[in-house]
Amino acid sequence: MSCTVTINVNNKEEIYEIDKVARQAAGAVLLREKNAVVLATVARDDNMVEEDFLPLTVQYIEKSYAAARIPGGYIKRETKPGDFETLTSRIIDRSLRPLFPKGYAYPTQIVVFVLSADPEVDLQTMALNASSAALYLSDLPIDKNVAAVRIGKIDGEYVVNPTKSELAKSTLDLYVSGTKDELLMIEMRSIATDKVEVIPMTTPDPLMVPDLLTDDIIEEHDVNELTNEEVLEALSLASDAISKASKDYEEGFSALKKEPAELELKSADETYESLPVYIDEFYKEDIYDAINRMAKSERATELNKIAKKIAEDDIAEKEGWDLDIITKMVNLYKRNVVREMILNERKRADGRGLKDVRPIEIETNILPSVHSSCLFTRGQTQALVTVTLGSGKDAQMYDLLTDKEAHYENFMVHYNFPGFSVGEASPLRPPGRRELGHGNLAKRALEPTIKLDSDQTVRIVSEILESNGSSSMATVCGGSLALKAAGIAVQKLVAGVAMGLVVEGEKYAVLTDIMGLEDHDGDMDFKVAGTRDGITALQMDIKLGGIDQQTLKEALDQASEARLHILEIMEKAAEDISLNENALPSRTVFSLDPSTFGAIIGQAGKTIKEIIEKFEVSIDLDKESGKVKVEGSDKVQVSAACDYIKELAAKKRDNRRERRDAPKFEEGQVFDGEVKRIVDFGAFVELPGGVDGLLHISKLSDERVDKVTDILQIGDRVKVKVLSVKGHKVELELIEKL
């Protein structure tokens with residue numbers, strides 16, 4: 001029997017309809033918020049997988065009909081998920097995965113359909129809240145509610161769950177999920193703002209061509225980084241909002257929760273209890289040696305060799321130890337060794353202290369034909385980051401569900417992770433969720449530090465050539481330097497560092513610049529990127545079920561120390577940057593009076609086409625702002641094209657000034673003038689001020705005149721009377737020939 005639960009919390013009214021649809025799923029809810037409707041379902045298989053992992057998949061799908069639209073393109077149905085859908089699926093997965101109990105190994109699928117959209121509703125928070133409700137109400141062994149909130153900062157004030165239009169005015173985008181007691185996942189980015197001051201032209205002549213646009217307009221670019229204290233303040237607000245929402249969900253849903261299914265959870269087989277003792281007695285040194293090797297690689301090759309060696313021992317056959325369980329126990333033993341070293345000896349597998357950053361090497365513009373490049377190496381992690389500059393035509397077009405018009409992304413960060421970076425011979429495939437997520441994190445970190453015009457496009461590509469932890473943060477560091485090496489006006493350099501956490505009971509340790517081994521065996525993956533003045537992007541995933549504010553503060557403070565250390569190295573490298581002058585395109589922006597654009601364009605575009613072909617440039621004219629943008633591969637040609645365009649505008653201006661300064665004529669006025677030109681239909685007589693008036697052939701005499709030359713010759717002096725004035729056209733009548 002279906003029922004409805006209405007929850008008013010954190011500036012939102014959420015209406016949950018339970019057991020109304022999708023009743024054969026393990027759990028399903030319809031969530032309504034304003035005009036938005038989301039369906040979240042949970043389904044699981046009855047048979048466990050043999051492997052030791054949680055087989056959870058999450059799919060967030062936006063239906064085009066939800067916004068009363070038919071899909072664009074040749075195929076008129078939903079096909080491959082877009083980046084927003086993929087990233088939202090990843091957010092839901094990262095938030096809900098920590099809820100599953102240890103040993104749960106049943107293939108489980110969470111599917112979220114957006115059935116109706118509202119332009120003002122945040123679909124990401126809505127999707128996670130619906131997914132958590134479906135999971136909590138299902139027959140799976142989940143006993144916690146997860147809530148998601150978004151925090152904005154508008155006019156210096158924090159706002160809980162801003163609408164989409166409010167978020168557009170915000171300098172902060174903070175997405176947090178958690179339970180009533182703990183934070184589970186954080187996604188944060190600062191949003192840059194611009195302050196524009198227009199300086200009035202000093203010349204009294206409105207037709208004068210102004211100098212370069214930057215002389216007339218001053219633009220202040222504010223990165224809007226957050227300090228550690230501001231981040232903690234925002235997270236505290238989010239934590240309170242999440243706690244309140246989780247309690248309200250528990251009160252609203254607890255009576256409707258299904259009885260948990262009888263599911264078997266995987267646990268260590270008692271028949272293998274002697275195996276760890278055997279490993280400790282005979283293979284302890286081998287595992288320590290393998291850990292030292294793993295400090296330089298993410299691969300577990302050495303551990304697999306040890307497991308095979310143990311499987312070949314006589315005792316393995318006698319005790320019935322198969323290779324799979326031996327491999328599992330060897331990895332578990334390794335994990336315990338790594339964690340004990342960190343917690344008890346305050347020492348890491350590669351010999352570093354807890355706060356030490358691995359050695360860093362930086363080279364810029366090593367690829368001569370590329371607009372810019374940076375090879376950033378930190379320990380055994382290496383990223384080759386390139387920047388390619390383009391025009392507005394190169395922007396990536398994308399659609400948003402609630403917007404009918406297409407959008408254009410003119411700043412892109414693409415992250416690639418080939419198998420050889422970890423020594424694996426794996427096939428090259430299109431980017432998956434991990435690659436999209438890492439690229440998105442780097443983009444969020446770098447985007448506030450640059451300002452691009454609508455006719456500019458920048459593409460950053462990060463090729464991970466070697467990986468042993470923190471490759472996304474290497475992308476941030478290399479990307480910031482590559483932008484600077486491309487001649488782009490970078491407001492501030494950005495560095496990133498990955499932090500880790502190891503917790504056992506009351507003991508804990510925060511790790512700086514974690515490697516793959518510590519990422520795998522640790523309890524937290526916490527990535528922080530920012531400038532010297534604060535944080536521009538942050539991402540956190542907790543594996544142990546949550547994190548308290550004090551530990552979070554310690555991690556942020558430790559990350560700040562590391563970030564400043566890395567920035568110091570990056571700043572020294574930036575001083576040595578030499579631009580790829582031969583490869584970089586040239587781009588000049590200046591301002592003209594829009595009324596002169598007609599002379600630049602010419603009849604049917606003839607003039608501007610000739611300029612483009614002659615100087616091999618592209619030209620963009622903005623009639624609203626008066627901006628003229630000229631781009632090309634040759635700086636000399638671009639400069640020459642700009643001079644030519646300014647010359648055309650100046651001529652147009654001079655002609656207009658001449659017309660403006662010309663004397664005004666009135667009907668009946670009489671003047672003496674000189675015949676300057678003779679045409680078939682009359683003669684042009686020069687009047688005062690250098691203005692030519694038309695003396696039509698019919699006005700030369702009272703009698704019919706067949707040829708003008710029968711009466712007048714060029715150079716004749718005549719007395720004429722003004723018959724009419726229409727704009728710049730003055731019509732005359734002959735009084736007498738002088």
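A patch of negative charge on the surface of this predicted model brings together Glu-50, Glu-51, Asp-322 and Asp-324. One of its members, Glu-50, sits in the loop that links β4 (36-44) with β5 (56-62). The relative accessibility of Glu-50 is 77%, so this residue counts as exposed, the cut-off being over 50%.

Turning to the strands, β20 (residues 495-504) and β21 (residues 507-512) are a good place to begin. The two run antiparallel and are paired over six bridges. Within this pairing, Leu-501 has Val-510 of β21 as its bridge partner. Together β20 and β21 make a hairpin in which two residues separate the strands. The turn of that hairpin holds Gly-505, whose phi is positive at about 65°.

A second hairpin is built from β28 and β29, with five residues between the strands. Here, too, a glycine deserves a look: Gly-689 adopts a positive phi near 85°. Strand β28 covers residues 682-686 and strand β29 residues 692-696, and the antiparallel pair is joined by five bridges. Opposite Val-685 stands Gly-693 of β29.

Strand β29 also pairs with β31 (residues 729-737), in the parallel sense and over two bridges. In that pairing, Leu-694 of β29 finds its bridge partner in Glu-731 of β31. Strand β29 is thus joined to β28 in the antiparallel sense and to β31 in the parallel sense.

Definitions and conventions: Residues are numbered from 1 along each chain as its sequence is written. This is a predicted model: local features need pLDDT of at least 70, side-chain atom pairs count only at pLDDT 80 or more; totals for chains, interfaces and linings use all residues. Side-chain values use heavy atoms; hydrogens and water are left out. Patches are made of residues with over 30% relative accessible area and no salt bridge: like charges are joined within 9 Å, nonpolar side chains (Val, Leu, Ile, Met, Phe, Trp, Tyr) within 5 Å. Accessible areas come from the Shrake-Rupley method with a 1.4 Å probe; for residues, only the protein chains shown count as cover. A salt bridge is a side-chain nitrogen of Lys or Arg within 4 Å of a carboxyl oxygen of Asp or Glu. Lys and Arg count as positive and Asp and Glu as negative; His and the chain ends are not counted. The place of a charge is taken as NZ of Lys, CZ of Arg, CG of Asp or CD of Glu. Helices (H or I, at least four residues) and strands (E, at least two) are DSSP runs, numbered from the N terminus. Buried means under 20% relative accessible area, exposed over 50%, partly exposed in between (1.4 Å probe, protein chains only). Two strands pair if DSSP finds at least two bridges between them.
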